[in-house]
Amino acid sequence: MFYKINTYGCQMNVHESERIAKSLEKLGYTLANDDNYDIIVFNTCCIRDTAEQKILGHIGKLKKIKKSNPKLIIAIVGCMTGQAGKAEELLKKYPFIDIVLGANNLEELEYAILNLQTRHKKTILTPNDEKPEIIENIEYSRTSMPNAWVNIMYGCNNFCTYCIVPFVRGRERSRQPQAIISECESLIKEGYKEITLLGQNVNSYGNDLDDENINFANLLESLAQIPGDHRIRFMTSHPKDLNEKVIDIIAKYDTLCKNIHLPIQSGSNKILKDMNRHYTRENYLEIVKKIREKMPLCGITTDIMVGFPGESEEDFNDTLDIVRQVKFSGAFTYIYSPRKGTKASLMEQIPYEIKSKRIQKLIKEQNQITKSLSKSYEGNVYRVLVEDTKEEGNLCGRTDCGRLVTFSGSSELVGTFKNILITKSQSASLFGRITEEK
Ligand code: SAH
Ligand code: SF4
Ligand code: F3S
């Protein structure tokens, strides 16, 4: 019996697909390496309409396949299914779906499959429980050696007015620090070299637990002190909650990567207010200044959205301006997409042509910055974790500050740290060679 998982969306989903894989393997399925599979799971995303349309297109294609193989099990899980009325809509449009589970119901997958196999019963479960219990000792089938993901918290409380995540993932729930520390210790013992802590807003870690000693700074410090040759990253930081203590801890420990993903969304104070982000461009610039004072080489990356309702040309220019000022080492740029049920979807929308022009302008601006930053890496040596092999004897890995580098070497080096001299850059790509220099 073979399984296939189609994963969409963010790292959180990529990690949760490792959990889904484990559930399927426990039931006796193995990963399919071609189009011969007995079960297919869609781990979905609904952050933007484009994400949803892509998934719906893929589900639609299964109609024919299910007709020729009625025993094929089709499960749709994850964020998309948690939207109000979505499960019903999916089943109406694609009656051949067997299982629907929300992002907070993944533990039901094994039971749902057994229920289908033994009693021919479909399971449709997407209760948006405000605060579902945290389940510990979840097993994952990890395939990303030497990198591992570790969830430190679930859900989100921020209700940015454009965002669907709090609706489909429920309220913020933090794991107990001891559980996170033990999980990281075991991963390091197993040989993982880089751990990425995951949460929608890692800086509010612990706010929901009744103990003032449980906070992100303390968690990071405990993790940084685990002995061994490894490093730790985390995402995502919310500018309203990233405090000086966290910056100090990152600066203090070599095991903590000097790399902060700090989504700004917009450079206009009016738009930030309408987005319910709780910081101003001045606050943001202040944080960037503090980070750079303490860690001059820290890579700061961001997410930026254009075309939020009410965004004037002036607001957009404020965004361009802050992009020029900060010089992000990378930026994910998005066109605002109205999400049903969110506040911003009820505001007056901006025509698509304007959004499209703005994003092109923004991308052009950021590309120039990325290109000139890339040039500044040339001639320097960086410690890189070798992560993967690429074609033609090439390897790739990431610097501490998060930049991807390609260099030649044999595949046995995957999972080791190497010093790399950057010899060439091409827009966002860096190329180098292994060196003994430091
Ligand atoms: N929790 C993270 C981000 C999660 S979503 C944070 O707070 O930053 C990842 C990114 O998708 C967001 O940073 C935002 O830039 C983008 N995004 C979220 N909702 C969107 C929407 N409705 N339209 C377009 N982009 C959106
Ligand atoms: Fe969405 Fe805002 Fe929560 Fe991030 S912090 S997941 S953007 S509501
Ligand atoms: Fe992630 Fe998409 Fe859900 S971005 S949290 S998978 S809506």
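Mentor: A polar contact is a pair of N or O atoms within 3.5 Å. Keep that cut-off in hand. The model here is predicted.

Trainee: Which backbone does a nitrogen atom of ligand 1 approach?

Mentor: That of Ser337. A polar backbone atom there is 2.8 Å from a nitrogen atom of ligand 1. The pair therefore falls within the 3.5 Å limit.

Trainee: How much of ligand 1 does the protein bury?

Mentor: Compare the free ligand with the bound one. Alone, ligand 1 exposes 540 Å², and the protein buries 90% of that.

Trainee: Which side chains make N or O pairs with ligand 1?

Mentor: Take Gln265 and Arg48. An oxygen atom of the ligand lies 2.7 Å from an N or O atom in the Gln265 side chain. For Arg48, the pair involves a nitrogen atom of the ligand, at 3.1 Å.

Trainee: How many residues surround ligand 1, and which come nearest?

Mentor: There are 15. Tyr162, Gln200, Gln265, Asp303 and Ser337 come nearest. By class, the shell holds seven nonpolar, four polar and four charged residues.

Trainee: Which strands each supply at least two residues of that shell?

Mentor: Look at β13, residues 299-306, and β14, residues 330-335.

Trainee: Now ligand 3. Which residues are around it?

Mentor: Four cysteines appear by name: Cys10, Cys45, Cys46 and Cys79. Asn13, Ile47, Val165, Arg169 and Gln200 complete the list. Gln200 also appears among the residues that come nearest to ligand 1. The ligand 3 shell counts six nonpolar, two polar and one charged residues.

Trainee: On to the interior. Which residues have the most contacts inside the largest nonpolar core?

Mentor: Leu197, Phe216 and Ile291, in a core of 66 residues. Helix α8, residues 216-224, gives the most to this core, with six residues. Another core lies apart from it, with 26 residues, including Phe42, Ile76, Cys79 and Ile97. Cys79 is also one of the residues around ligand 3.

Trainee: What does Ile291 touch, leaving out residues up to four places away in sequence?

Mentor: Leu242, Ile247, Ile260, Leu262, Cys298 and Ile300.

Trainee: One last residue. Is Thr342 buried or exposed?

Mentor: Read its relative accessible area against the cut-off. Thr342 has 2%, so this residue is buried, the limit being under 20%. Thr342 sits in the loop between β14 and α13, the latter spanning 352-377. Beyond four places in sequence, Thr342 touches Thr161, Tyr162, Cys163, Ile164 and Phe167. Tyr162 is also among the residues that come nearest to ligand 1.

Notes: Residues numbered from 1 in each chain as written. Chains lettered and ligands numbered in written order. Predicted model: local features only at pLDDT ≥ 70, side-chain atom pairs only at ≥ 80, totals over all residues. Heavy atoms only, no water. Near = heavy atom within 4 Å. Nonpolar A, V, L, I, M, F, W, Y, C, P; charged D, E, K, R; others polar. Polar contact = N/O pair within 3.5 Å; in protein donor to acceptor, adjacent residues only side chain to side chain. Areas by Shrake-Rupley, 256 points an atom, 1.4 Å probe, with all protein chains shown as cover. Helix = DSSP H or I, 4+ residues; strand = E, 2+ residues; numbered from the N terminus. Core = buried A, V, L, I, M, F, W, Y, C linked by side-chain atoms within 4.5 Å. Buried < 20%, exposed > 50% of the residue type's maximum accessible area, 1.4 Å probe, protein only. Contact = heavy atoms within 4.5 Å.
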